[in-house]
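Student: I would like a close look at a single part of this model. Please take one sheet with whatever packs on it, and then place that part in the rest of the chain.

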Amino acid sequence: MKIAIIKLSALGDIVHASVAIQFIRKHIANAHISWFCDTRFEQIARLLAGVDEVVALPLKDKKFLKTFGILRQKQGQFDIIIDLQGLLKSALVSRSLGKNIFGFDRFSTKEGLASIFYTHKYSCNYDKNIILRNLELCSFALNFSFDEKEILTKEPCFLKNSRIPDKNSRIPSDESRIPNKNSRIPSDESRIPNKNSRIPNKKILIAPFASESSKCYAHFASVIKGAKEFAQCFLVAGSEPERKKATKLASSGATLLAPLDLAQILEFMDTCDLIIGNDSGITHLAWAQNYATITLFGNRSGARNAFATPKNLIIQATPKHEIDAFHIDKSDFCINDIDPAQIIAKAKGLCDA
């Protein structure tokens with residue numbers, strides 16, 4: 001059976017949908033799975049465990065003729081098409097591939113008009129946990145059942161120690177090589193404490209940035225100062241503006257990592273005891289890999305956008321108004337009401353576990 005999965009963007013969305021691949025593989029062992037995404041997310045999609053083919057579409061770059069050419073080559077090749085995105089653009093992509101399309105009904109997705117392009121429509125509360133939503137749609141399309149408890153025993157969703165060789169790939173130098181537990185840590189710092197220094201043996205990676213300012217916690221400096229009593233803290237940052245902010249934050253006692261691609265970040269996570277971050281792709285990626293996490297939420301629902309486990313904790317601030325997943329109040333910065341002491345205490349508990 002040839003299955004097309006449509007999940008165009010963004011990083012967090014791809015991570016949330018990654019669990020579904022394992023369940024498809026479990027129930028349809030001979031499935032050939034093709035993953036359709038935007039070109040910007042091709043690298044992370046190629047690290048998805050269990051995916052046979054990644055089809056990258058330059059939609060964000062508005063290269064529509066090129067996108068149409070790619071889709072035309074794939075037209076009619078799939079037995080089942082599943083649109084996990086639920087947007088008009090993803091529905092149009094799905095429709096261009098074939099007619100046997102499964103998606104959410106018009107009351108179950110943000111852009112309800114997308115449902116007119118689906119052959120089979122699934123009803124699911126939009127406020128429901130996003131990982132369960134993805135799994136339910138796939139189980140509806142492929143006629144299998146699952147138990148939520150199976151998520152607790154999932155395998156890592158992404159491949160480690162992988163490289164995606166393309167013209168934009170960054171080749172790791174000796175200074176930025178990913179460490180094992182005993183090797184030198186890649187950093188923008190000129191001096192790294194050696195193994196004989198009196199430093200904590202636990203490692204915490206902090207992902208302090210997110211796609212929107214209202215999702216970013218402003219008190220990570222206090223968290224770092226409190227956590228450095230029992231752990232070394234490291235910061236990951238991508239864009240130049242993020243790196244400037246991270247450099248200032250590092251003065252609180254953390255080490256700013258050298259620029260890393262997603263494959264390298266996965267490898268670095270493997271050396272850490274805990275990842276702390278906002279509702280962002282990096283934090284969700286750590287969850288998908290079964291690493292211990294603390295994810296901070298403010299104006300969005302942690303119950304909807306993350307899946308809590310004994311080692312994957314959610315700290316939810318109290319929003320100004322009741323959260324409406326269809327209409328997020330981006331002026332609500334209640335995430336900053338979270339007490340740093342609460343994060344530090346939970347971090348110590350996970351590091352000591």
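Tutor: What follows starts at one sheet, moves to its helices and core, and ends with the rest of the chain.

This is a predicted model. The protein chain holds 11 helices and 12 strands. Of its 353 residues, 54% count as buried.

Take the sheet that contains β1. It is an open sheet of six strands, in the order β3-β2-β1-β4-β5-β6, and the pairing is parallel. The edges belong to β3 (53-57) and β6 (120-122). Each of these two has a single partner strand, so one side of each is left without a neighbour in the sheet. On average, neighbouring strands of this sheet are turned by 20° against each other, direction ignored.

Now look at β1 itself, residues 2-6. In the sheet order, β1 stands between β2 and β4. With β4 (residues 80-83), β1 pairs in the parallel sense over four bridges. Here I5 stands opposite I82 in β4. On the other flank, β1 and β2 run parallel and are joined by five bridges. There I6 stands opposite F36 in β2. Strand β2 is mostly covered, with six of its seven residues buried. In general, strands of a sheet pair through backbone hydrogen bonds, either parallel or antiparallel. Side chains in a regular strand alternate between the two faces of the sheet.

Next come the helices on this sheet. Helix α1 packs on it and touches β1 and β2 (32-38). The direction of α1 makes about 170° with that of β2. Helix α3, residues 64-74, lies across β2 and β3. Against β3, helix α3 runs at about 150°.

The loop between β1 and α1 deserves a stop. A10 lies in that loop. The peptide bond joining S9 and A10 is cis, with omega at about -5°.

Stay with α1 and turn to its helix partner, α5 (residues 130-142). The two axes come within 8 Å and cross at roughly 35°. The crossing of α1 past α5 is right-handed. On the α1 side, the contact uses H16, A17, V19, A20, F23 and I24. On the α5 side, I130, I131, N134, L135, C138 and L142 take part. By class, this contact has 10 nonpolar residues, two polar ones and no charged ones.

Beyond α5, N143 is placed in the loop between α5 and β7. Its phi is near 60°, a positive value in a residue other than glycine. N143 is exposed, at a relative accessible area of 73%.

Now the core. The largest nonpolar core has 63 residues. W35, I82 and F158 touch the most other members. Helix α1 (residues 11-27) gives the most to this core, with nine residues. I82 is also the residue that I5 faces across the β1 and β4 pairing.

W35 merits its own list. Leaving out residues up to four places away in sequence, W35 touches I5, K7, I14, A17, S18, I21, A45, L48, V51, E53, V54 and V55. A17 turns up again in the contact of α1 with α5.

Finally, the rest of the chain. A second, separate core has 33 residues, among them V223, L235, L249 and C334. There is also another open sheet of six strands, ordered β9-β8-β7-β10-β11-β12, with parallel pairing. Its edge strands are β9 (255-256) and β12 (312-316), and each pairs on one side only. Within it, β7 (residues 203-207) and β10 (residues 274-278) run parallel and are joined by four bridges. A207 stands opposite G277 in β10. Helix α11, residues 340-352, packs on this sheet. It touches β7, β10, β11 (293-297) and β12, and its direction makes about 160° with that of β11.

One more backbone angle belongs here. N290 lies in the loop between α9 (281-288) and β11. N290 has a positive phi of about 70°, although it is not a glycine.

For the chain as a whole, consider contacts between residues at least 6 apart in sequence. Of these, 61% join residues at least 24 apart.

Notes. Residues numbered from 1 in each chain as written. Predicted model: local features only at pLDDT ≥ 70, side-chain atom pairs only at ≥ 80, totals over all residues. Heavy atoms only, no water. Core = buried A, V, L, I, M, F, W, Y, C linked by side-chain atoms within 4.5 Å. Buried < 20%, exposed > 50% of the residue type's maximum accessible area, 1.4 Å probe, protein only. Contact = heavy atoms within 4.5 Å. Pairing = 2+ DSSP bridges. Axes fitted to C-alpha atoms, helices over the stretch in contact; angles between N-to-C directions. Left-handed = near helix turned anticlockwise from the far one by under 90°. Nonpolar A, V, L, I, M, F, W, Y, C, P; charged D, E, K, R; others polar.
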